[in-house]
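Visitor: I am new to this structure and would like a close look at a single part of it, followed by a walk through whatever surrounds that part. Please take it slowly and in connected steps.

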Amino acid sequence: MEHKSLEMLEFPRIREILAGYTSFPVSRELALSLEPGCDFERITLALKQTAEARQLLGLDRGFAIGTVADVRDKVRLAALEGILDPPGLLEIQQTLAACHELRRYLKSLSGDFPLLWDIAAGIVELRQIEKDIGACLDPGGEVVDTASPALASIRQQLRETRSQILERLEGIVRSPRGQRLLQEDIITEREGRYVILVKTEARHEIKGIVHDISNTGATVFMEPTATVGLGNALRELVIEERHEIEKILRILSAEVGAHRDDISRNVEVAAGLDLVLAKARYAARIKAVEPEIIQPGPGARYFKLVNARHPLLGEKAVPFSLELGRDFSVMVITGPNTGGKTVTLKSIGLLSVMAQAGMPIPATAESRLPIFDSVFADIGDEQSIEQTLSTFSWHMGNIVRIIKSATEKSLVLLDELGTSTDPAEGSALARAILHRFLSRKTLTVATTHFSDLKAFAYATPGMKNASLEFDPVTLAPTYRMTVGVPGGSNAMATAARLGLPGAIIEEARGLLAEGSQELEALLASLMAEKQKLASLEKELKAERDDYSRRNVGLEKEMERLKTEERRVRGETRDAILREAAELHKEIRQAAADLRKEKSAARIEEAKRRLAGAREKLDTGAWKPAPGEKAEEDSGAIKVGDTVRIKEAGLTGTVLVILEESREVEVQSGRTKMRLGIDSVVKAAAVKETSAPSIVQPAPRAVPLQLDLRGRRADEVETALDAYLDEAVRAGLPRVRIVHGIATGTVRSIVREILGRHPLVKSFRPGERNEGGDGATVVAL
């Protein structure tokens, strides 16, 4: 595709917006470098992938790729035998964990979303690396004691040596002599050595090494001779610890470097998935769908847009529809100034390149687009004083370039063709240029104000007029497009609407050629007649809709009466059955009495009453009409039935039926909803209509910890609240919140929220092996 034309069509702006929906830098780079393609298989595959992503996000709004980061530079350094620091290794571990979860989740949905699974299947599982890093580093980035036996031994010796030093220093501090010689009864550190605070005048009374003097000079920081040997041993152990940690980090880095290609590939696969999700999210925002792409071959030049809108105009965009390439290959659009001709032209080109870049377009699904080898545009005005280029020269330069490059598989868009020069010569040039593209069978759309061009399009086979409507009452453009009718420029009306004095307008009308006035009047008359027809069509549609609403109301009333009739019959039947049961009871009682009293009269009376009840049952007054029972059994919805929600395609279970309001309460997954009874259908009915089943995605596993490091203060509460909610629903008894130490701001916010959160039972700072004060352990 020609980059200059893409800029005119504002495709770079579309890429920037798309990049805003991505999750991390690699996918953002993919979005910003997205280019329209010409390969049918790739384009259709990309659109199908986006369609699956839109469906998945409709079922699972929160689905994302997770905490994947661009770790390719770190992995490259590790491959060059560099040693990665703990934060870098943790970032690699989190990225691998997110990739593994992404693969697992999409694999569980592979039956419903096979194309997304095809992408995720390219993720290489490297669980051993993830496990090894997790075994050596805690969430705060500290190397744990169990990272190696040697490190565990060194740290045990460190603890014992520190304990011995502190014990000896405590003895000095608490002794009567120490109370007299020391400035304060505390033990501190200077340059990695434990020291006590000795009064300056008493420094010669204690043997030891002075490591520092206070700013006032009143205190010396002294390491007593009694602990110097232990201090030396401690210093040696600290050096050994540092060497052992470096050794562990070197081993982990080497393991990462050995899988450089796989890890980099995982990041790129995750970025590809994220780009597909970004397209789906952007499509949801602009209400876009995937158009049908016409396979190259005979008839592949047909172009159809239905209710298309410019994606950058949002709700202000007025939909338009057009077809090109079947009965005609050149369209000439006319209409009032500021009437939307240029926007329509840009929309045609922009939607074409978006589709060929694998992006949904803001139009209806009936839209059909061919694959163009290139889209050429001459839109706007970039005259250059420095290069001595006039507006006309700039346009002609573009057109010359387009004529040289365009083929019968191209799309050409020309705005205000032949303007900025003598009208007669400009019109002649415009007709000759359009005739050249017509002879090449190049699909072309041009805008113009030349009346000659309108007549040329009307008289030339293979060309078609179209116009942007103008309201003759308000003298304002409507931005609605009509194919087959040329439009007037309405320059006088537009100038008057913009505030040009009326006297000037009238003088201009008098100077206008009589033929031009008649043509403008004829076009205005045609537009007025068209609007009358549109108004009549609107009235007829309103009447039809009113009839449909009344018909639906009558059908609902009939259904209500049938339901009431079934209810009354049911109550009658139940009353008769209860009476019959009572009579049977009396017969049994009478038989018992007969055995006692030998009274046949009582038995006969009971039998007579039972016969009467049976006669009532046999009358059929309570029975359903023929065929009604089958309908009730098969279609009536009862509590406990499995139903399908028609619009969403979800399945659920009926909890409550509200007859008066004709509503049902349905549970679908963890969601309860109240719906109209007509918006659901029994699951059995679903099978009969062979509707495609939609499987809800399985809930993802909730991690045992939430990492808030690097989050802004205003993000903490939302993320923490959502995580606690998911953790409780997943049944987790205890979780860990990693907030780091740093300035303590995030830690303070987290603990303040936990103190008042209704789902929190208790919380405490983490132990050393749990991240220390850089983490908080929460009981739910």
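Visitor: Which backbone nitrogen does the side chain of Glu-770 reach, and at how many Å?

Guide: A word of care comes before the reply, for this is a predicted model, and what follows describes that model. The side chain of Glu-770 reaches the backbone nitrogen of Glu-767, at 2.8 Å. Glu-770 itself sits in the loop between β22, which covers 762-765, and β23, which covers 775-779. Once neighbours within four places in sequence are left aside, the residues in contact with Glu-770 are Arg-736, Arg-764, Ala-775 and Val-777.

From that loop we can step back to the whole protein, whose secondary structure comes to 24 helices and 23 strands. The protein has 780 residues, and 42% of them count as buried. Among the contacts with a separation of 6 or more, 67% join residues that are 24 or more positions apart.

Two other loops deserve a look, since each holds a residue with a particular backbone angle. Glu-191 lies in the loop between β1 (182-190) and β2 (193-199), and its phi is near 55°, a positive value in a residue other than glycine. Glu-191 counts as exposed because its relative accessibility is 63%, and the cut-off for exposed is over 50%. Lys-441, found in the loop between α15 (423-440) and β12 (443-447), also has a positive phi, near 65°, and is likewise a residue other than glycine.

Glu-191 leads us on to a helix, for it is in contact with Arg-235, as is Arg-193, when neighbours of Arg-235 within four places in sequence are left aside. Arg-235 is found in helix α11, residues 225-258, and at 41% relative accessibility it counts as partly exposed. The C-alpha atoms of Arg-235 and Leu-158 are separated by 9.2 Å, although these two residues are 77 residues apart along the chain.

Helix α12, residues 260-286, holds Ala-270, and Arg-265 has its place in helix α12 too. Ala-270 has a relative accessibility of 0% and therefore counts as buried, whereas Arg-265, with a relative accessible area of 43%, is partly exposed. Each of them can be paired with a residue far along the sequence: Ala-270 and Ala-98 are 172 residues apart in sequence and 9.1 Å apart in space, C-alpha to C-alpha, while Arg-265 and Val-124 are 141 residues apart in sequence and 8.0 Å apart in space, again C-alpha to C-alpha. Leaving aside neighbours within four places in sequence, Ala-270 is in contact with Phe-24, Ile-65, Val-68, Cys-99 and Leu-102.

From a buried residue it is natural to turn to the nonpolar cores. In soluble globular proteins, nonpolar side chains tend to be buried together. Here the largest nonpolar core has 54 residues, and those with the most contacts inside it are Phe-303, Leu-305, Met-331, Ile-348, Met-354 and Leu-413. Helix α13, residues 341-356, supplies the largest share of this core, seven residues. If we take Leu-305 as our example and do not count residues up to four places away in sequence, we find that it touches Phe-320, Ser-321, Leu-322, Ile-348, Leu-351, Ile-361, Ser-367 and Leu-369. A second, separate core has 52 residues, including Ile-92, Ile-263, Leu-273 and Val-276.

The last stop concerns empty space, for a search of the whole structure finds two cavities of 30 Å³ or more. The second largest of them has a volume of about 40 Å³, and its lining consists of Asp-378, Phe-392, His-395, Met-396, Ile-399, Asp-415, Glu-416, Leu-417, Gly-418 and Thr-419. These lining residues divide into four nonpolar, three polar and three charged. The largest share of the lining, four residues, comes from helix α14, residues 391-405.

Helix α14 is also the place of Asn-398, which is buried because its relative accessible area is 1%, and the cut-off for buried is under 20%. Leaving aside neighbours within four places in sequence, Asn-398 is in contact with Lys-4, Met-8 and Asp-378, and Asp-378 is one of the residues that line the second largest cavity.

Key
Residues are numbered from 1 along each chain as its sequence is written. This is a predicted model: local features need pLDDT of at least 70, side-chain atom pairs count only at pLDDT 80 or more; totals for chains, interfaces and linings use all residues. Side-chain values use heavy atoms; hydrogens and water are left out. A nonpolar core is a set of buried Ala, Val, Leu, Ile, Met, Phe, Trp, Tyr and Cys residues joined through side-chain atoms within 4.5 Å. Buried means under 20% relative accessible area, exposed over 50%, partly exposed in between (1.4 Å probe, protein chains only). Contact means heavy atoms within 4.5 Å. A polar contact is a pair of N or O atoms within 3.5 Å; within protein, one must be able to donate a hydrogen and the other to accept it, and residues adjacent in sequence count only if both atoms are side-chain atoms. On a 1 Å grid over the protein atoms alone, a cavity is a set of points where a 1.4 Å probe fits but cannot get out, and a pocket is an open set with protein on both sides within 12 Å along at least five of seven lines; lining residues have an atom within 4 Å of a point. Grid points are joined across faces, edges and corners, and a volume is the space filled by probe spheres set on the points. Ala, Val, Leu, Ile, Met, Phe, Trp, Tyr, Cys and Pro count as nonpolar, Asp, Glu, Lys and Arg as charged, and the others, Gly among them, as polar.
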